[in-house]
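Visitor: Hi, I'm new to this one. Could you walk me through it?
Guide: Sure, here it is.

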Amino acid sequence: MELGEPRLQRAMLDAYFPAGVPADASLHMANHHLLYMLLALVFEYEGGGDWLHERVPGIEAALATR
């Protein structure tokens, strides 16, 4: 399941904001996506991988949304 999948995004927003989704929800999603991409990069590196080039587009996209 991809983080960008609308069904997953809706479930995350509903879980984080049970009283209603705020107007800046897209910023919250971009921040969450950026954190996910950075953590994945750290775990991959610690596991001996070097997948930075595969993560850069997602990180750039998340930063551009901010």
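Visitor: How much area does the protein chain expose, and what share do carbon and sulfur atoms supply?
Guide: The protein chain exposes about 4800 Å², and carbon and sulfur atoms supply 61% of that. Accessible areas come from the Shrake-Rupley method with a 1.4 Å probe, and for residues only the protein chains shown count as cover.

Visitor: Where do these values come from?
Guide: This is a predicted model, where local features need pLDDT of at least 70, side-chain atom pairs count only at pLDDT 80 or more, and totals for chains, interfaces and linings use all residues. Residues are numbered from 1 along each chain as its sequence is written, and side-chain values use heavy atoms, leaving out hydrogens and water.

Visitor: How many helices and strands are there?
Guide: The protein chain has 3 helices and 0 strands. These are DSSP runs numbered from the N terminus (helices: H or I, at least four residues; strands: E, at least two).

Visitor: Is F43 buried or exposed?
Guide: F43 counts as exposed because its relative accessibility is 56%. The cut-offs are under 20% relative accessible area for buried, over 50% for exposed and partly exposed in between, with a 1.4 Å probe and protein chains only. F43 lies in helix α2, residues 25–46.

Visitor: And E44, buried or exposed?
Guide: E44 is also in helix α2, but E44 counts as buried because its relative accessibility is 17%.

Visitor: What does E44 touch?
Guide: Leaving aside neighbours within four places in sequence, E44 is in contact (heavy atoms within 4.5 Å) with G49, W51 and R55.
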